[in-house]
Amino acid sequence: MAVEWGKLSYCKRRQVGALIVKDRTIISDGYNGTPSGFKNCCEDDDGLTKWYVLHAEANAISKVATSTQSARGATLYVTLSPCRECSKLIHQCGIIRVVYKEKYNDLSGVKFLKKAGVTVDYIPNLNW
């Protein structure tokens, strides 16, 4: 489902999807894209990602933060390993497990999560 959710992204360089699951129920979802009210175009004229594009994990965490749910004790399924900034949000909101399909070229976010005690599972061949 995270892969399918990523297909909703308007980003051309990479489409990323994320689901937050707690007690076998999806409590939030997200995909990478621009903030509300901005033109849904993620890249500039040079093809580079605009600085204000939100990552799938950040969108999912923001969405759950505005609901009556809590991500404490939840699992995050995401199609790409979390970056450093998203990893801080993941840890801070109480997510205890992250499952990802593809490795980002910088794995410092994954290293941070492991150091923080978050279970991190890389499952590349999972039939997502």
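1. The disulfide between Cys11 and Cys42 is left-handed, because the torsion about its S-S bond is about -70°. The two sulfur atoms lie 2.3 Å apart, where a disulfide is defined as a pair of cysteine sulfur atoms within 2.5 Å. The structure holds one such bond.

2. This is a predicted model, in which local features need pLDDT of at least 70 and side-chain atom pairs count only at pLDDT 80 or more, while totals for chains, interfaces and linings use all residues. Residues are numbered from 1 along each chain as its sequence is written, and side-chain values use heavy atoms, with hydrogens and water left out.

3. The disulfide links distant parts of the chain, 31 residues apart: Cys11 belongs to the loop between helix H1 (2-6) and strand S1 (17-22), and Cys42 to the loop between strand S2 (25-31) and helix H2 (56-65). Helices (H or I, at least four residues) and strands (E, at least two) are DSSP runs, numbered from the N terminus. Cys11 and Cys42 are both buried (under 20% relative accessible area, with exposed over 50% and partly exposed in between; 1.4 Å probe, protein chains only).

4. Two further cysteines merit comment. The sulfur of Cys83 has its closest cysteine sulfur in Cys86, at 3.8 Å, too far for a bond; Cys83 is buried, at 16% relative accessible area. For Cys93 the closest cysteine sulfur is also in Cys86, 11 Å away and too far for a bond. Cys93 counts as buried at 19%.

5. Strands S1 and S2 run antiparallel and are joined by six bridges; pairing requires at least two DSSP bridges between two strands. Val21 has Ile26 in S2 as its bridge partner. The strands form a hairpin with two residues between them, and Asp23 in the turn has a positive phi of about 55°.
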